[in-house]
Amino acid sequence: MDKVIIQNLGKVFAGSTTAAALQGVNLSIADNEFVTLVGASGCGKSTLLRILAGLETHTSGNVLCDGKPVAGPGAERAMVFQHYSLYPWLTVIENIKFSRKLRANRGNLMSSDVEAASGRADALLNLIGLNKVAHAYPNQLSGGMQQRVAIARALMGRPQVLLMDEPFGALDAQTREVMHDLILHIHRVEKTTIVFVTHDVEEAIYLGQRVVLLQPRPGRIHSIYPVPLPPQREQDMKHTAPFRALRAEILARIRESAGVSTDLDMLGQLNATEV
Ligand SMILES: Nc1ncnc2c1ncn2[C@@H]1O[C@H](COP(=O)(O)OP(=O)(O)O)[C@@H](O)[C@H]1O
Ligand SMILES: [Mg+2]
C-alpha cells in the first residue's frame with residue numbers, strides 16, 4: 001500500500017523569476033519503504049521534503065499521506081534536519097521527551113500517558129545507544145551523538161513517515177558510516193517509511209530501496225533507480241559490482257543533467273569516478 005502519493009506536484013516560490021523549484025513531480029512511496037532523493041544543489045530536494053512535511057505549500061498538484069491531503073505539519077510526519085535542532089538547556093532524555101511535553105502542557109494528559117511516554121523515551125534511548133548519557137547536555141556530546149538524539153526525538157511521537165534532509169551532511173565519514181547502519185536498524189525496528197535527502201550518491205544507494213534522482217531548472221524527477229542490493233545492507237556491499245555500476249550510472253546522469261555544477265561536494269564525487 002502507498003503511504004505517500006505525490007501527483008503532478010509543482011512549486012513556484014512567490015516572486016521567483018527563475019525556473020520552478022519543482023515541476024510535474026510524480027512519486028508514490030510504499031508503506032515502510034526507504035526512499036532516497038539525490039541530485040545537484042538547487043534541484044528541489046529540500047523543497048520537496050518540506051512540502052511533504054507540511055512546512056511549505058505547493059503551487060500545483062497533490063500530496064497525499066495515507067490518502068489524505070497534506071495541509072500542514074502532522075504528528076504522522078516527523079522531520080530531521082542537518083543541523084541538530086536540540087534544546088541546549090535540556091538534557092538528552094528531556095530533549096527526546098520534549099514534543100510529548102508540549103502536548104502535556106496543553107492539558108488532558110493522564111498519568112498512564114506520562115508513564116507510557118517515559119517508557120517510549122527509554123526505549124528510544126536504547127535504540128540510539130545513548131543510555132549512558134541520558135542526563136548529559138547537548139554541548140557535551142559529539143555531532144553524531146547529537147544527531148542520534150534528534151532522530152530519537154523525531155521518533156518519540158511514533159511518526160509513520162520520517163523525513164530527513166541531509167541529516168548526516170555535517171558529520172565525518174566514519175561517523176556517517178555508523179549512522180547509516182543505525183538508521184537502517186531503526187527503519188527495520190520502527191517500521192517507519194523514510195524519505196531521505198542527500199547529495200551523496202553512495203549514501204543514497206547504501207540506504208535506499210529506491211534512489212530518486214532529481215534534476216534542476218525546473219526541479220523534476222530525472223529517473224528512479226531500484227537498488228539491486230539485498231535488503232540487509234552491509235558496508236562491504238559498497239565494493240560490489242552492482243553498487244559501483246549504479247553509482248557510476250547516477251553520477252553520469254547528474255553530470256549530464258546539471259551541466260557545470262557549482263556544488264563542490266558533487267564535483268568531488270564526479271572527479272572521484274574519473275580516477
Ligand atoms: N524560500 C525560497 N524562496 C525562493 N526560492 C527558493 C526558496 N527555497 C528554495 N528556493 C529555490 O528553489 C530551488 C530548489 O531549492 P532547494 O529545494 O533548496 O534545492 P536543494 O535542496 O536540492 O539544494 C532553488 O533554485 C532555490 O534557490
Ligand atoms: Mg537542500
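Here is a short conversation about this predicted model.

Biologist: Before we start, how are residues and chains labelled, and what limits apply to a predicted model?

Modeller: Residues are numbered from 1 along each chain as its sequence is written, while chains are lettered from A and ligands numbered from 1 in the order in which they are written. Local features need pLDDT of at least 70, side-chain atom pairs count only at pLDDT 80 or more, and totals for chains, interfaces and linings use all residues.

Biologist: Thanks! Which strands are the edge strands of the six-stranded open sheet?

Modeller: Strands here are DSSP runs of E with at least two residues, and helices are runs of H or I with at least four, numbered from the N terminus. Two strands pair if DSSP finds at least two bridges between them. The sheet has mixed pairing and the order β6-β7-β8-β3-β9-β10. Pairing on one side only marks the edge strands, β6 (77-80) and β10 (220-226).

Biologist: Do β7 and β8 run parallel or antiparallel?

Modeller: Residues 161-165 make up β7 and residues 193-197 make up β8, with five bridges joining them. One partnership links D165 to V197 in β8. The two strands run parallel.

Biologist: And which residue in the hairpin of β9 and β10 takes a positive phi?

Modeller: β9 (residues 210-215) pairs with β10 in the antiparallel sense over six bridges, and R210 has P226 as its bridge partner in β10. Four residues lie between the strands of this hairpin. The positive phi, near 50 degrees, belongs to R217.

Biologist: Where does the largest nonpolar core lie?

Modeller: Such a core is a set of buried Ala, Val, Leu, Ile, Met, Phe, Trp, Tyr and Cys residues joined through C-beta atoms within 7 Å. This one has 68 residues, and its largest share, six residues, comes from helix α4 (residues 143-155). By an automatic or database domain assignment, domain 1 (2-76 + 159-274) and domain 2 (85-158) both give residues to this core, so it lies between them.

Biologist: Is Q160 buried or partly exposed?

Modeller: Q160 is found in the loop between α4 and β7. A residue is buried if 20 or more other C-beta atoms, placed from the backbone, lie within 10 Å of its own, exposed if 12 or fewer, and partly exposed in between. Because Q160 has 19 C-beta neighbours inside 10 Å, it counts as partly exposed.
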